[in-house]
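Work through two short exercises on the structure below. Try each task before you read its solution.

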Amino acid sequence: MDSFRSGDLLLSSGQSYDLIFMDYKFDDAPEDGITISEKIRDFDQKVTIVFLSGYSDIVFDTFRIGAFRFLTKPVDKDRFNEMMNSFISRIDNTHVIPLQANRNNVVIKENKILYIESNGRYSLIYTVDSSDPVCCHEGISSIESRLQSSSFFRCQRSFLVNLRHINGHRYSSVILDNGKVLAVSRKKYRNFLERYLLIINQ
């Protein structure tokens, strides 16, 4: 989870997000949250924007830029939880997995996961949105048991790969969409090939 002191810093970051919590006023920043949201909509129509503000008189302006919710400060816990449940249920009708990472609760779309790497009692989750992994406080086997999608394959003990993000394969390895090469256990290659062909032909 990232935070920015102003909307301009958010825009200049170049990052894409599924959910943005937007305030109306920023310290020492000339542009307000409505203006920043309009600029975001110029290049991203899908991102969910939730306003958190004490300026209740701007609630109708937030509808104009397609805000998902308007929550007044201080934020009511029940209203926040309702909003998060609604958000999770609507995003692309795709499977999501809740995780604990860096002392934060995060939600990741399963179809955006490239692969998962075991790191002792932890796991490193690599996604299409970032070159930096999400460090998750959960072992790879535990995560594998909670994934709802059938697109994941344990190509070796330490790696779980999303078959939908494979761009090519050899007898002993696979090449992912981002160019990353992962080894495939010889004992698992035949099973991998059957699963992979089944997924790409769906």
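Two exercises follow, on a model that is predicted.

**Exercise 1. The largest pocket**

Task: Find how much space lies in the largest pocket, and which element supplies the largest share of its lining.

Solution:
- Step 1. Start with the space. The largest pocket holds about 1,900 Å³.
- Step 2. Look at the lining. It has 50 residues. Nearest the centre of the pocket lie Met-1, Asp-2, Tyr-17, Asp-18 and Leu-19.
- Step 3. Sort the lining by class. There are 24 nonpolar, eleven polar and 15 charged residues.
- Step 4. List the elements. At least two lining residues each come from helices H1 (7-13) and H4 (77-90), and from strands S1 (19-22), S2 (48-53), S4 (96-101), S5 (104-109) and S8 (130-136).
- Step 5. Pick the top contributor. S5 gives the largest share, six residues.

**Exercise 2. A sheet of three strands**

Task: Work out which strands stand at the edges of the open sheet S11-S12-S13, and which helix packs on the sheet.

Solution:
- Step 1. Write the order: S11-S12-S13, with antiparallel pairing.
- Step 2. Count partners. Strand S11 (166-169) and strand S13 (181-183) have a single partner strand each, so they are the edges, and one side of each lacks a neighbour in the sheet.
- Step 3. Add the twist. On average, neighbouring strands are turned by 30° against each other, direction ignored.
- Step 4. Check one pair. S11 and S12 (residues 173-176) are joined antiparallel over three bridges. Ile-166 sits opposite Leu-176 of S12.
- Step 5. Place the helix. H6 (residues 189-200) packs on the sheet and touches S11 and S12. The direction of H6 makes about 135° with that of S11.

Definitions and conventions:
Residues numbered from 1 in each chain as written. Predicted model: local features only at pLDDT ≥ 70, side-chain atom pairs only at ≥ 80, totals over all residues. Heavy atoms only, no water. 1 Å grid on protein atoms, 1.4 Å probe; cavity = no way out; pocket = protein on both sides within 12 Å on 5 of 7 lines; lining within 4 Å. Points joined across faces, edges and corners; volume = space filled by probe spheres on them. Helix = DSSP H or I, 4+ residues; strand = E, 2+ residues; numbered from the N terminus. Nonpolar A, V, L, I, M, F, W, Y, C, P; charged D, E, K, R; others polar. Pairing = 2+ DSSP bridges. Axes fitted to C-alpha atoms, helices over the stretch in contact; angles between N-to-C directions. Contact = heavy atoms within 4.5 Å.
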